[in-house]
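I opened the file today to look up a few local features and wrote down what I found. The entries follow in the order in which I checked them.

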Amino acid sequence: NAPIETVDPANGIRKITSKGKNAQSLFRLIAHDHATDTSMVLCSPLTGRSHQLRIHLQWLGHSIVDDVQYGGAVDPSLDL
């Protein structure tokens with residue numbers, strides 16, 4: 001459980017805070033590519049908060065590639 005709060009309503013920015021609403025997600029590693037240091041992950045939201053999976057992955061230290069709003073580095077060499 002990592003509660004999510006909207007901290008910037010005008011821009012739709014949310015983050016994990018103790019004042020946030022209940023939010024639960026499950027993650028399972030499917031594959032890891034050592035060459036690009038990227039992984040394929042099965043993401044299962046148990047609740048339905050906006051941006052929930054993106055925020056939880058950022059909080060865990062594994063942001064989605066090219067998700068600049070929630071910390072994912074842009075990597076032009078990846079074929080997404």
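For accessibility I call a residue buried under 20% relative accessible area, exposed over 50%, and partly exposed in between. The model is predicted, and I read every entry below with that in mind.

Entry on backbone angles. I looked up phi at histidine 51 and found a positive value of about 65 degrees, although the residue is not a glycine. Histidine 51 sits in the loop that runs between strand 4 and helix 1 (52-59). Is histidine 51 buried, partly exposed or exposed? Its relative accessibility is 25%, so I entered histidine 51 as partly exposed.

I then went to aspartate 37, which is not a glycine either and has a positive phi of about 55 degrees. I found aspartate 37 in the loop between strand 3 and strand 4. Its relative accessible area is 59%, so I put aspartate 37 down as exposed. For background I noted that most residues other than glycine have a negative phi.

Entry on the hairpin. I checked how strand 1 (residues 4-8) and strand 2 (residues 13-16) pair, and found an antiparallel arrangement over four bridges. Aspartate 8 has isoleucine 13 of strand 2 as its bridge partner. Four residues lie between the two strands of this hairpin, and glycine 12 there takes a positive phi near 70 degrees.

Entry on the core. Which residues make up the largest nonpolar core? I listed six: Ala2, Ile4, Ile16, Ala23, Ile55 and Tyr70. In general, nonpolar side chains of soluble globular proteins tend to be buried together.

I followed tyrosine 70 further and left aside its neighbours within four places in sequence. Its contacts include Gly12 and Ile13, as well as His51 and Ile55. Of these, Ile55 is also a member of the largest nonpolar core, and His51 is the residue I had noted for its positive phi. Arg14, Arg54, Gln58 and Ser63 are also in contact with tyrosine 70.

Entry on the largest pocket. I read off about 530 Å³ of space for the largest pocket. Its lining has 20 residues, and Ser39, His62, Ser63, Ile64 and Val65 lie nearest the centre. Ser63 thus appears here and among the contacts of tyrosine 70.

Which strand gives the most to this lining? I found that strand 4 does, with four residues. Strand 3 (25-33) and strand 4 (38-45) each supply at least two. By residue type I sorted the lining into 10 nonpolar, eight polar and two charged.

How values were computed. Residues numbered from 1 in each chain as written. Predicted model: local features only at pLDDT ≥ 70, side-chain atom pairs only at ≥ 80, totals over all residues. Heavy atoms only, no water. 1 Å grid on protein atoms, 1.4 Å probe; cavity = no way out; pocket = protein on both sides within 12 Å on 5 of 7 lines; lining within 4 Å. Points joined across faces, edges and corners; volume = space filled by probe spheres on them. Nonpolar A, V, L, I, M, F, W, Y, C, P; charged D, E, K, R; others polar. Buried < 20%, exposed > 50% of the residue type's maximum accessible area, 1.4 Å probe, protein only. Pairing = 2+ DSSP bridges. Core = buried A, V, L, I, M, F, W, Y, C linked by side-chain atoms within 4.5 Å. Contact = heavy atoms within 4.5 Å.
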